[in-house]
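The following exercises are to be worked with the sequence and the coordinates at hand. Each task is followed by a solution in steps.

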Amino acid sequence: MKDTNQTITYKRLSQNGEYYNNVFKKSEKISSVVLYVLSFKKDSQELSPIEKLLTEKSFKLHETSLKSLEALEGQTASLYPVQQALIALMSTLRVAAVSRAIPESLIAPVIEQIDTVQRYLANHHLGT
C-alpha cells in the first residue's frame with residue numbers, strides 16, 4: 001500500500017516577494033503620488049470633479065491591491081480588479097491632463113509606472 005500522506009502548501013500573494021514589490025508596493029506608490037499631487041490645491045479651493053474622481057480612483061487602486069495580497073498564488077480572479085483599478089486610474093489621469101487639471105509633466109511618469117505594473121501582472125500572473 002502506498003503512503004498517500006502528502007502535504008499541500010498554499011502560498012498567499014503577500015508571501016510572494018516579487019508580487020509584493022512589483023504590484024502592491026508600486027500600486028501603493030502610484031496612489032500616494034497622485035494624492036500628493038492633489039494635495040497642493042489651495043486650502044480655500046474645492047477640488048474639481050476630475051480631482052475628486054482621481055482621489056477616488058487612487059484610493060480604489062490602493063484598496064484593491066491591498067485586498068489582492070490575501071489571494072492564493074495562482075488565483076487570477078483576484079488580480080483582475082487590480083488590473084481594472086490601474087486602467088481606471090490611468091484613464092482618469094489622461095482625462096485630467098487633457099482638461100488641464102494636472103500638468104502632463106506630472107502625469108507622464110505615473111502613467112509609465114502604471115504601465116509597468118500592468119505588464120508585470122500580465123506577464124507573470126495573468127498569462128496574457
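## Exercise 1. A residue ahead of the first helix

Leu-13 lies in the segment that precedes α1. The model is a predicted one.

**Task.** Determine whether Leu-13 is buried or exposed, and how far Leu-13 is from Ser-68 in sequence and in space.

**Solution.**
Step 1. The relative accessible area of Leu-13 is 2%. Buried means under 20%, so Leu-13 is buried.
Step 2. In sequence, Leu-13 and Ser-68 are 55 residues apart. In space, their C-alpha atoms are 7.2 Å apart.
Step 3. Ser-68 belongs to α2 and is itself among the buried residues of that helix.

## Exercise 2. The overall fold

**Task.** State how many helices and strands the protein chain has, and what percentage of its residues count as buried.

**Solution.**
Step 1. The protein chain has four helices and zero strands; along the sequence, the pattern reads α-α-α-α.
Step 2. The chain has 128 residues, of which 34% count as buried.
Step 3. Consider contacts between residues at least 6 apart in sequence: 75% of them join residues at least 24 apart.
Step 4. The exposed surface of the chain is about 8,400 Å², with 53% of it supplied by carbon and sulfur atoms.

## Exercise 3. Helix lengths and packing

**Task.** Compare the span of α2 with the expected span, do likewise for α3, and identify which helices the buried residues of α2 pack against.

**Solution.**
Step 1. Helix α2 covers residues 49-68, which is 20 residues. At 1.5 Å a residue, α2 should span 28 Å, and the end C-alpha atoms are 28 Å apart, so the two values agree.
Step 2. Helix α3 has 19 residues and reaches 27 Å from first to last C-alpha, close to the expected 27 Å.
Step 3. The buried residues of α2 include Ile-50, Leu-54 and Leu-61, together with Thr-55 and Ser-58. These buried residues of α2 pack against α1 and α3.
Step 4. In α3, the buried residues include Val-82, Leu-86, Leu-89, Met-90 and Leu-93.

## Exercise 4. The nonpolar core

**Task.** Identify which residues have the most contacts inside the largest nonpolar core, and which residues Leu-93 and Gln-83 touch.

**Solution.**
Step 1. The largest nonpolar core has 30 residues; Tyr-19, Leu-54, Leu-89, Leu-93, Ile-114 and Leu-121 have the most contacts inside it. The elements α1, α2, α3 and α4 each give two or more residues to this core.
Step 2. In soluble globular proteins, nonpolar side chains tend to be buried together.
Step 3. Beyond its neighbours within four places in sequence, Leu-93 is in contact with Val-34, Leu-54, Ile-107, Val-110, Ile-111 and Ile-114.
Step 4. Gln-83, in helix α3, has a relative accessible area of 18% and is therefore buried. Residues up to four places away aside, Gln-83 touches Gln-118, Leu-121 and Leu-126.

## Exercise 5. An aromatic pair

**Task.** Classify the pair formed by Tyr-20 and Phe-24 from its distance and angle.

**Solution.**
Step 1. The count of aromatic pairs comes to one. In this pair, Tyr-20 and Phe-24 are 5.4 Å apart centre to centre, with 35 degrees between the planes.
Step 2. Planes under 30 degrees apart count as stacked and over 60 as edge-to-face, the rest being tilted. The pair is tilted.
Step 3. The two residues are four apart in helix α1, so about one helical turn separates Tyr-20 and Phe-24.
Step 4. Tyr-20 is partly exposed at 31% relative accessible area, whereas Phe-24 is buried at 5%.

## Exercise 6. Salt bridges

**Task.** State how many salt bridges a search of the whole structure finds.

**Solution.**
Step 1. The search finds three salt bridges.
Step 2. Lys-25 and Glu-28 meet at 2.6 Å, N to O; being three residues apart in α1, they are separated by about one helical turn.
Step 3. Lys-52 pairs with Glu-46 in a salt bridge at 3.1 Å. Lys-52 is partly exposed at 43%, while Glu-46 is exposed at 62%.
Step 4. Arg-119 and Asp-115 form a salt bridge at 2.8 Å, and they lie four residues apart in helix α4.

## Exercise 7. An unusual backbone angle

**Task.** State the phi of Arg-100 and where Arg-100 is placed.

**Solution.**
Step 1. Most residues other than glycine have a negative phi.
Step 2. Arg-100 is not a glycine, yet has a positive phi of about 65 degrees.
Step 3. Arg-100 is in the loop between α3 and α4, and at 76% relative accessibility Arg-100 counts as exposed.

Methods: Residues numbered from 1 in each chain as written. Predicted model: local features only at pLDDT ≥ 70, side-chain atom pairs only at ≥ 80, totals over all residues. Heavy atoms only, no water. Phe/Tyr/Trp six-rings, centres within 6.5 Å; stacked < 30°, edge-to-face > 60°. Buried < 20%, exposed > 50% of the residue type's maximum accessible area, 1.4 Å probe, protein only. Expected span 1.5 Å × (residues − 1). Contact = heavy atoms within 4.5 Å. Areas by Shrake-Rupley, 256 points an atom, 1.4 Å probe, with all protein chains shown as cover. Core = buried A, V, L, I, M, F, W, Y, C linked by side-chain atoms within 4.5 Å. Salt bridge = Lys/Arg side-chain N within 4 Å of Asp/Glu carboxyl O.
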